[in-house]
Amino acid sequence: MNSKELFEQAKKYIPGGVNSPLRAFKPYPFFVKKGIGSHLIDVDGNNYIDYCLAYGPLILGHSNEKVIEDLNKRVELGTIYGAPTENEIILAKEVINRIPSAEMVRFVNSGSEATMSAIRLARSFTKRDKIVKFDGAYHGSHDYCLVKKGFGATSLPDCEGIPIETTKNTLIVPFNDEESLIELIEKDGENIACIIMEVIMGNIGFIPPKKGYLEFLRKITNENGIVLIFDEVITGFRLSKGGAQEYYGVKPDMTTLGKIVGGGLPMGAFCGRKEIMEKVAPIGNVYQAGTFNGNPISSQAGISTLQQLDNAFYKRLAKKGNLLRDGFRDIKEDFDLPIYIAGDQSMFQIYFNENEVYNTNDAKKSDSSRFLLYFKKLLKKNIFIPPSQFECNFLSSAHTQEDLDKTLIAVEQSLKKVF
Ligand SMILES: Cc1ncc(COP(=O)(O)O)c(C=O)c1O
C-alpha cells in the first residue's frame, strides 16, 4: 500500500490517522519505511533529507550503527523485568556527569511525565501550589501545562477536558520580559512553587533567552524560594554536552529531560539537587512510578547514544548548523526576503517574519500559511522539515556536506517560489 492508501486505512482505526497530532499534515502524511543516517525513506519510494529527526531525539541520525548493534544484543536478554538493572545506574551516571545541576535522577517514559513529576516535586518541596510557565512554551500534554492566557491574570485550559480548577494554578508570563515576572512575584511570589521554562523556546520555533535573562531568573527565584526548573527535553544533550544550562552557564534547581536521553526510544528523566530529589518515593512522599520506568532497552539506547557525544562532537555539529544558517542568510539578502533566521548549534528555524523574534507575540506575527506552502515545496524536493512555523529543525551527525548543499539549493528555490 502507498501512503495515501495507508492513511485512508489509518483514519478508520486511529483518530485522525495518527498517534500524535502534528504528524497529520495535508493532504496526507508520508508513511515511513525506514530511516538511515540523515535520510527517511517512505513507502512510496521517496528519499528525504530529514531535519525533523523525530522532533529532536536522533542527534546521531537514524539507525546509528553502534546504537542498533548494542540494542540488538540487549534485546536478546529480555525487554522488561519489574526489577532494576545495571543499565539504569550507567545511564544515571552519564546524565549526572553531563548535566551540571543534576545530583540525582529518576527515569520515566516521556518528556511529559518528566515535567509533570518535576512540578509535583517542586510543589511538595516548597509546600506551594502555583506554578509559572512562559507564554508559548510547551512542557508536554498533561493538565498542569496545557494552559493558555485568559483575561488578566487568569489562565484557561488550552484544550477541552481540563478543569479550570487545575489551570488557575498555572500562571503565564511573557518570555524575555523581566518586568512582567517581577510584577507577578511581587503580587503572588509566596504561593509560587516553581518556574518551569524551556531555556530556548523550541515549541514556538527558536527563541533564545536575552542576555542576562537566565541570570535574572536564577536570582529572583533564589530570593523568593521558588524552584527553577529548566525543561531541557529539547536542549538537553542537544545544545551542548551538558545542555542549555552548561551552554549559558546558569544552574537550575531541577531539570527535565527527554528525546536524546533515550537515544531514539521512549524515555524521559527529571533530575536536580539531592535534597529535592530525595523527596521522591520510595524514600520520600512524592509518588512517582512507572511500569516501564528506566527500562533496559531505552536505557541501553540512551547509554549508547550519550557515550558518543563529546565536546568535539558538538563542535562538528555546530559547524553544520552555522553553514546552513549562513546559507539561509545569504539567500535572504540576495533576494531581499522578509524572513528571520533563528537558531544556534544544531537547531534552527526560518521565521516568515521580517522582524526579529523575541517572544511568542513576535513569533505569532509570522506568516504561517506561507510557511506551509514552503514546507510543501521543500517536501517535493525531498527535504523534510517539521510542518509548522512553530517547531524547531534539527541537525544530526549523520548529515553530510552533500545533504547541506542540496538543502541550500532546495531552500533557495522554494523560498523564491513562495514569495
Ligand atoms: C520542551 C518540551 N518539554 C516536554 C515535551 C514533552 O515530551 P514528550 O513528547 O516526550 O512527552 C516536549 C515535546 O516536544 C518538549 O519539547
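This report describes the ligand site, two helix pairs and some unusual backbone geometry in a predicted model.

## Ligand surroundings

The shell around the ligand draws on several stretches of the chain, and its residues are Ser110, Gly111, Ser112, Tyr138, His139, Gly140, Glu198, Asn203, Asp231, Val233, Ile234 and Lys259. By class, this shell divides into 3 nonpolar, 6 polar and 3 charged residues.

## Polar contacts and burial of the ligand

Two side chains are placed beside oxygen atoms of the ligand: an N or O atom in the side chain of serine 112 is 2.6 Å from a ligand oxygen, and a polar side-chain atom of asparagine 203 lies 2.9 Å from an oxygen atom of the ligand. With tyrosine 138 the contact involves the backbone, where an N or O atom lies 3.4 Å from a nitrogen atom of the ligand. The ligand taken alone exposes 390 Å², and the protein buries 82% of that area.

## Helix packing around α14

Helix α14, which spans residues 401-418, packs with helix α13, residues 368-380, at an angle of about 140°, and the two axes are 9 Å apart. Because angles over 145 degrees would be needed to count as roughly antiparallel, α13 and α14 are classed as oblique to each other. The crossing of this pair, α13 and α14, is right-handed.

Helix α14 also packs with helix α11, residues 311-335, here at an angle of about 25° and with the axes 10 Å apart. An angle under 35 degrees counts as roughly parallel, and α11 and α14 are therefore roughly parallel to each other. In this pair, too, α11 passes α14 in a right-handed crossing.

## Backbone geometry in the loops

Which peptide bond leading into proline 27 is cis? The bond in question runs from lysine 26 to proline 27, with omega near -5°, and proline 27 itself lies in the loop that joins α1 (3-13) to β1 (32-36). A cis peptide bond is also found from alanine 281 to proline 282, where omega is near 15°; proline 282 belongs to the loop between α9 (274-277) and α10 (296-306).

Tyrosine 55 departs from expectation in another backbone angle, having a positive phi of about 65° although it is not a glycine. The position of tyrosine 55 is again in a loop, namely the one between β3 (47-50) and α2 (65-75).

How values were computed: Residues are numbered from 1 along each chain as its sequence is written. This is a predicted model: local features need pLDDT of at least 70, side-chain atom pairs count only at pLDDT 80 or more; totals for chains, interfaces and linings use all residues. Side-chain values use heavy atoms; hydrogens and water are left out. A residue is near a molecule or strand if one of its heavy atoms lies within 4 Å of it. A polar contact is a pair of N or O atoms within 3.5 Å; within protein, one must be able to donate a hydrogen and the other to accept it, and residues adjacent in sequence count only if both atoms are side-chain atoms. Accessible areas come from the Shrake-Rupley method with a 1.4 Å probe; for residues, only the protein chains shown count as cover. Ala, Val, Leu, Ile, Met, Phe, Trp, Tyr, Cys and Pro count as nonpolar, Asp, Glu, Lys and Arg as charged, and the others, Gly among them, as polar. Axes are lines fitted to C-alpha atoms, for helices over the stretch in contact, and angles run from 0 to 180 degrees between N-to-C directions. Helices (H or I, at least four residues) and strands (E, at least two) are DSSP runs, numbered from the N terminus. Angles under 35 degrees count as roughly parallel, over 145 as roughly antiparallel, 65 to 115 as roughly perpendicular and the rest as oblique. A crossing is left-handed if the near helix is turned anticlockwise from the far one by less than a right angle, and right-handed if clockwise.
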